[in-house]
Amino acid sequence: MGVELITFYILSTILVGSAVLVVSLRNPVFCALALVLAFFTSAGIWILLEAEFLALTLILVYVGAVMVLFLFVVMMLDINLTVLREGFARYLPFGLGVAIVLVAQLVLIVGPEQFGLEAMPKPEPHAAGYSNTKEIGRVLYTVYLYPFELAAVILVVAIVAAISLTLRRRRKKQTMSVDDQVKVRRNDRVRLVKMASSNKDE
């Protein structure tokens, strides 16, 4: 058994364990930290598969941005953990049933017949000058150019829709006219009043 295979089994074990912790822990902060560990181990497995660009993107985007946002929101919401613990035992049988069905489907679909060593043998290692980023860019901007542009348009439409839905205009909003401010002169706003001086000693 080679070092690469041992590393794969170690990372896979940590990944499965952290995924179980994500759905089993009842503290949202600990669940988010377990998900961060799952992302790191997934990136390690992708590095073993010579997908360095995807591994770095997973760490930078999800761990560096998305999970930080999740932790910030969870800590700012101040979730009541006692309420979360109340329904755990009540919905546990239903959750176990759903988990068993999902595992059975995964075994039937991702089985040794479709994804075994005979069906999908180990790929040949690439040369020293192979660039994963260059290969992804070549395939993305040649073979999958139109789906990539379509996905970009859909994301832009989703961003515009999210901004328009969250935008709330106040009906009684008081605004100032820039033209009226420019037209104002000193005599319109300032009035000089002359007052006679008074002596307190008199």
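How many aromatic pairs does the structure hold? There are three of them, and one gets a closer look below. Keep in mind that this is a predicted model.

## Overall fold

The chain is built from 10 helices, with zero strands. Walk along the sequence and you get the pattern α-α-α-α-α-α-α-α-α-α.

Now for the contacts. Take those between residues at least 6 apart in sequence: 61% of them join residues at least 24 apart.

## Surface and burial

The chain runs to 202 residues, and 13% of these count as buried. As for what faces outward, the chain exposes about 17,700 Å². Carbon and sulfur atoms supply 68% of that area.

## The Phe39 and Tyr62 pair

Back to the aromatic pairs, of which the structure holds three. One of them brings together Phe39 and Tyr62, with ring centres 5.4 Å apart. Why does this pair count as tilted? Its ring planes sit at 50°, and tilted covers whatever is neither under 30 degrees (stacked) nor over 60 (edge-to-face).

The two partners come from separate helices: Phe39 belongs to helix α2 (residues 28-48), while Tyr62 belongs to helix α3 (residues 52-77). The pair therefore ties together parts that are 23 residues apart in sequence.

Is each ring's residue buried or exposed? Phe39 has 16% relative accessibility, so Phe39 counts as buried, since the cut-off for buried is under 20%. Tyr62 has a relative accessible area of 40%, which makes Tyr62 partly exposed.

Technical notes. Residues are numbered from 1 along each chain as its sequence is written. This is a predicted model: local features need pLDDT of at least 70, side-chain atom pairs count only at pLDDT 80 or more; totals for chains, interfaces and linings use all residues. Side-chain values use heavy atoms; hydrogens and water are left out. Helices (H or I, at least four residues) and strands (E, at least two) are DSSP runs, numbered from the N terminus. Buried means under 20% relative accessible area, exposed over 50%, partly exposed in between (1.4 Å probe, protein chains only). Contact means heavy atoms within 4.5 Å. Accessible areas come from the Shrake-Rupley method with a 1.4 Å probe; for residues, only the protein chains shown count as cover. Rings of Phe, Tyr and Trp (its six-membered ring) pair if their centres lie within 6.5 Å; planes under 30 degrees apart count as stacked, over 60 as edge-to-face and the rest as tilted.
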